[in-house]
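Me: I am new to this structure and would like a careful, close look at a single part of it. Please take the charged side chains and their partners, and add whatever surroundings help.

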Amino acid sequence: MTKPLAGIRIADFSHVMAGPYASHLLRQMGAEVIKIEPKRGDGFRSYGSDRRFDGMAPAFIAANAGKKSIALDLKDEADLAIARAIVSRSDVLLENFRPGVIARLGLGYDAVRELRPDIVYCSVSGYGQDSPQRDWPAIDNIVQATSGMMMLSGEEGDPPVRVGFPIVDTLTGQTAALAILSGLMQRERGGGGSYIDVSMFDASLAFMTSALTPYLVTGQPMSRMGNTGYSGLPTASLFVARDGRQISLGVVQPNQFEALARFVGKEEWLRDARFATDDARRANFDAMKAEVAGVIATRDAVEWEAGMNAAGIPCGVVRRVDEASALAGPGALASLAVPGLPLDGDVRLPGVGFRMVPGEPSVDAPPPRLDENRDEILAWLASTAR
């Protein structure tokens, strides 16, 4: 079945995570992605401490399935000519060099428009192409710090807390993928090509809108609330069950609180002035949380999860990532044969995070070995086929 981006070709000069994750999402939706790597390869190929995976590290697999690879030295005139030929037959150019670098290599937007006037050209960088911080080097944990993200987790007075995975890289990749799709749609409607400037910093601010917008409107920064939810209610927090495992409650609506009180046999909460309204529960935060904590300690975590969800009360057991993967729904994780890995059987990796019929996104081929598709690409360039 034809996927929605079938026939779209991406010349991908990006490396590490944010850029490759953008083209990874587009590849799963049917785009052809030609990964143009330096002769030494994308730095993510040997990322991590397990040398058995050098050349095909798990972090590399996570963002490069199904792409084609050709290794080129863009400072070499012959290799640059190959890169320019690829770009001339591509719909999208994606790059995440430091601002100004790709232009110095001869593949800046103005130069590329001469090769392909309707190109959708996407540059991903730490702080944007023309900001005062444009020359600052940036990786995920740096932008977590400079964007304020590290000061949103934890309790007031705690040290800064890093989100435990490269969230800035992946959210920036999603932002770039959305921007590229928008550029392609604009072109489809007769608007021609476009230049897209995706900043990790700006993408992070957009992603944090629920924390940033209240400050922009009121002038008051949002307090750090630890494991209490965005509502600030004591019934939207973590609690320890009888078996020592934790559950997260998300009781934020009046009807949910009423259901909770009835489910746990504490209807007196509904008549207690301290707990009668959302504002009252916030004002008596510690007392309300202690009441709920005492009840939750009487059953095991999975019992609460099953019973509360059946009663329409938002509740989830706090799981590790390995446990969470067992809950993945149909199509959420793909199995993929990746030759040469020191493993028995296929590897699994996440999909795009949504399903669509027809045109279901999917991972259908392993990541390429460095320069694996050179002969195929050079033969295609020598042909008359687009």
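Reply: What follows starts with the whole chain, then turns to the salt bridges, and ends with two buried residues.

This is a predicted model, in which local features need pLDDT of at least 70 and side-chain atom pairs count only at pLDDT 80 or more, while totals for chains, interfaces and linings use all residues. Residues are numbered from 1 along each chain as its sequence is written, and side-chain values use heavy atoms, with hydrogens and water left out.

The protein chain has 15 helices and eleven strands, where helices (H or I, at least four residues) and strands (E, at least two) are DSSP runs numbered from the N terminus. Its C-alpha atoms fill a box of roughly 80 × 50 × 45 Å along the principal axes. Of the 386 residues in the protein chain, 43% are buried; buried means under 20% relative accessible area, exposed over 50%, and partly exposed in between, with a 1.4 Å probe and protein chains only.

As for charge, the protein chain carries 40 positive and 47 negative side chains, and the centres of the two sets lie 2 Å apart. Lys and Arg count as positive and Asp and Glu as negative, whereas His and the chain ends are not counted; the place of a charge is taken as NZ of Lys, CZ of Arg, CG of Asp or CD of Glu. Side chains of opposite charge can pair when their charged atoms come close. The structure holds 30 salt bridges, a salt bridge being a side-chain nitrogen of Lys or Arg within 4 Å of a carboxyl oxygen of Asp or Glu.

One of these salt bridges joins R9 and E32, with the closest N and O atoms 2.9 Å apart. This pair links distant parts of the chain, since R9 sits in strand β1 (residues 9-12) and E32 in strand β2 (residues 32-37), 23 residues apart. R9 counts as buried at 10% relative accessibility, whereas E32, at 23%, counts as partly exposed.

Another salt bridge brings together the side chains of K68 and E376, at 2.8 Å from N to O. Here too distant parts of the chain are linked, with K68 in strand β3 and E376 in helix α15 (residues 374-382), 308 residues apart. K68 is partly exposed at a relative accessible area of 21%, and E376 is partly exposed at 40%. Salt bridges that share partners join R9, E32, K68 and E376 into one network.

Strand β3 (residues 68-71) also holds S69, which is buried with a relative accessible area of 0%. The side chain of S69 makes a polar contact of 2.7 Å with that of E37, a polar contact being a pair of N or O atoms within 3.5 Å, where within protein one must be able to donate a hydrogen and the other to accept it, and residues adjacent in sequence count only if both atoms are side-chain atoms. The S69 side chain also reaches the backbone nitrogen of D371 at 2.9 Å. Not counting residues up to four places away in sequence, S69 touches several residues, among them K35, R45, P368 and I377, where contact means heavy atoms within 4.5 Å.

E95, in strand β4 (residues 92-95), offers a case without such a pairing: E95 is buried yet has no salt bridge, and the nearest side chain of opposite charge, R134, is 9.2 Å away. With residues up to four places away in sequence left out, E95 touches F13, S14, I102, Y121, C122, S123 and V124.
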